Every structure is written in structure tokens, then in C-alpha cells.
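Trainee: I would like to learn how to read the packing of a helical protein, beginning with its core and ending with a pair of helices.

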Amino acid sequence: MTNTQDKKLWGGRFAEATDGLVELFNASVGFDQRLAEQDIRGSLAHVAMLGQVGILTAEEVAQITDGLNAVLSDIRAGNFEWRLDREDVHMNVEAALRDRIGPVAGKLHTARSRNDQVAVDFRLFTKEAALDLAEKTRALRVVMLAEAEKHLEGGVILPGYTHLQVAQPILLSHWFMAYVAMLERDEGRFRDAAGRMDESPLGSSALAGTPWPIDRHATAAALGFARPTANSLDGVGSRDFALEFLSACAILSAHLSRLSEELILYSTFEFGFITLPDSHTTGSSIMPQKKNPDVSELARGKAGRVFGNLMGLLTVVKGTPLAYNKDLQEDKEGVFDSYDTLSIVLRLYAEMMPKTVWHADVTGAAAARGYSTATDVADFLARQGVPFREAHEVVGGLVGVASRSGRQLWDLSDEELRAAHPLLNAGVAQSLTVEESVRGRASFGGTAPGRVREAIENARQGLERP
């Protein structure tokens, strides 16, 4: 006969013990124990409500509340034994509560199922994770904005690229502000997601609600949710809140990966635009001269696992009928992993960017090469009344002449320029410097110093808003 101490809390109808391999396969306590704090918070709110509506006596509420707090203290102190045979965080906590206070612990589960219990635990965690990543994203925004402001004072010029070919010169500050704009949207996505997941599924029970006279609004408020979920099937069976969180993580990871790629390129000997700090790089075990951009390479690489976490959960939920299915046990590890990954990447970049040295002489010289002011020559002709398409063809021909002889546009003679178009001469080409090109791009959102200064001020004002 099965020892009642070891009997499953759900084992009433079962005559045979769970197979050992099934027990191992079925258990989630190895990772969902991370939800212990949220689980006990949910239980404390639930038992308080059961007392308020008269389902439990004041004495029972006090016993269960004291017991839960004692279990929580054990967990925080590292004195809690997590048991595989108790399957998950919920059963481990409830069984430990029963061991501590006896059969009255069983009354905690009145008007509740593990289905709404896990849903509320996971929502609490994911909402808190979303808000935390929003704050860490904001911290990196602040750093990137400060870098934009710092480099604006020196007027540092950087080559802008399309297809990784030199396109037009830009201010380095304009480059920083592009990432400020991306990070602002990333932060907004996390905050928007947190707002949409601000609903408590507690009280949905297994799937259909409960006949007990519970107060779902009270438990929602006690747990810091704006409201209870409106539909019990949706409350226990939906994981779109986790999908939205993972989607926001994936987009942020894509942005950080793009930043990483540029920093890796810019730190190479061939580019030489930046020197990364020693504190955020590593060396080689065999080549003493090496300085490897490991932080950026890992940030770029870890984007793949964050994307995979999103795709993994999408694949899990696409075929699950309402309401709860054991498949949904697979929802948590990806969320935990994406949160942990981005938490450290955001912190590392916030530390690394201010310590990165930009070599203005190198970036300025690079911006001047590659015929980066060719569009300015075409614009000059267009301002004289030449149709832009004709001007484009004229300057394209000049670039061909210059490139075949290894020269820049300003190296061409008056005769060569006038042969291409009578309005052109050496003075025109020489006056169209990278500095003049940058100053001329004064359309809203452009790279002209005044516009970048305006963008910085607007971004600072945006940071003052929550």
C-alpha cells in the first residue's frame, strides 16, 4: 500500500504508482522552482480572499498564511528540499505546507486549480520581467544618448553605409541616435506588453470557473493586476502574453545584434574606427596580439537562441486545443532564458559603450573616401536646373573616370569635369567636403548638426516621460 506521506496530491483515482521514467519526464520542478516567490504570493492572495468571503475561517487563514510564509523563508534561505516526485513548484510548496501544518493545508486549494495557479505565477513573472527589461533598455538608451551628445561637440564624422559600401557621410552622433530610436521602441514594446498582460487568471480554476463565491477582483488587486481575465478558458489556456514578451525580446535582440556586428567590424584592423575597452574584450591562447570582441560576438550569437525561444513557443501553442494541455509546461524555459540573456547583454553594453574609444581621424578619412559626396555633386547640378536623373548619370560617369584612375572626384581636372557637364569645375568638387555634405543634410531627421542636436533634445524630453 502506498505511504500517504508519499502519495501524489492528485493520486486518489490511481491504483498504480507513477513509472519512474514518466516521473522524470513529467517533472518541471527543475526549472519552475524559479516561480516559487510568485507561487506563494498567489497562494497568499488566494487564501486571504477565501477568508474574506467566508469559505475559510480566520484561524484556517492564519494557519495557512503563517505556514506559507515559513515555507517562503526556507526557500529564500536555501533550506528547502525540492523533490522530483512532487513534480512542480506548486506541489512542492503545497506538500511542504502540509508537512508543516497538517491537513488544513489541503484547504488552500479550494476553488483553485493548478491550471490557474501556474497561469498566475507565470504572468506575474513575465510582467515583472517585461518591466525590468524596459528599465534596462531605458538605461542603455540613456548611455547611447550621452554618447551622441558627447561626440556632437567634436563633430565626429562617420561613413554611412548601404550594402556595406560607403554611401554618404554622417555624424557619429547621428549613428548613435539611430540606436536611441530603436531602443525607445524596444522599451515601448516591453511596457505595452506588460500592460496587456496586466490581468489575473487566478479564479479561472481548471477551465470553467468555480461554483465557490470567490472574489477574483480582490485577488487581482492583491497581486498588483489591473483586473481579472474576462474568460476562464482564455485565462488558463492562453500564452500570448509570453509570446508577446518573447517577440519584444527577439526584436531587441535583433537590434543589439546589428549594433554588435557594427562594433565588431569597426574594431577590426582594416576599419580601425574604434578601440574596445580591455575590460570587455579577451585575448587569444596562442596569438599574443589578439584582442577579441567577445561581448559583441556573444551578443550577436545569443540573438539566435532568443529568436529560437520565440519560435519554440509559437510551435508549442499553435496546435493546443483549449484549455490547458501539458504542452504548456514548455512555455517557461524560453522566457527565463530570454530574460536572463537580455538582462546581461543590456548591462554589458551600458558599461561598454562609454569606454569605447572612437578614432575621429580614421572615421573622418574613411568618410571622405569611396566617393561619398557624389550625391552632393548631383544635387548641385539639380539645383542649377539639371533634371536629377541626368545629373545622376553625369556624376556616375565621373565616378567611373575617377575610380579607373585611382582618384577622388576632387582630384579630377577642370577639363574632365567640364567635359562631363559645363556647370562643373574643380572648385565645385573641392567645395563639396564631407563636412559640407553633413551640414547640408538638414531635413527633419537628417544628419546636419542642428537636426541631430534637435533629435537629442527631443530624446531627452522623451526620457522624462514614463
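Mentor: We shall take the nonpolar core, then one residue, then a helix pair. This is a predicted model, in which local features need pLDDT of at least 70 and side-chain atom pairs count only at pLDDT 80 or more, while totals for chains, interfaces and linings use all residues. Residues are numbered from 1 along each chain as its sequence is written, and side-chain values use heavy atoms, with hydrogens and water left out.

Trainee: How many residues does the largest nonpolar core have?

Mentor: In soluble globular proteins, nonpolar side chains tend to be buried together. A nonpolar core is a set of buried Ala, Val, Leu, Ile, Met, Phe, Trp, Tyr and Cys residues joined through side-chain atoms within 4.5 Å, buried being under 20% relative accessible area with a 1.4 Å probe, protein chains only. Here the largest has 69 residues, and those with the most contacts inside it include Phe190, Phe245 and Leu263.

Trainee: Is Phe190 buried or exposed?

Mentor: Phe190, in helix 7 (helices are DSSP runs of H or I, at least four residues, numbered from the N terminus), counts as buried because its relative accessibility is 0%.

Trainee: At what angle do helix 6 and helix 7 cross?

Mentor: Two packed helices are described by the angle between their axes and the distance between the axes. The axes, lines fitted to C-alpha atoms over the stretch in contact, with angles from 0 to 180 degrees between N-to-C directions, come within 8 Å for helix 6 (residues 114–154) and helix 7 (residues 172–196) and cross at roughly 165 degrees. The two helices are therefore roughly antiparallel, a term for angles over 145 degrees.

How values were computed:
Buried < 20%, exposed > 50% of the residue type's maximum accessible area, 1.4 Å probe, protein only. Parallel < 35°, antiparallel > 145°, perpendicular 65-115°, else oblique.
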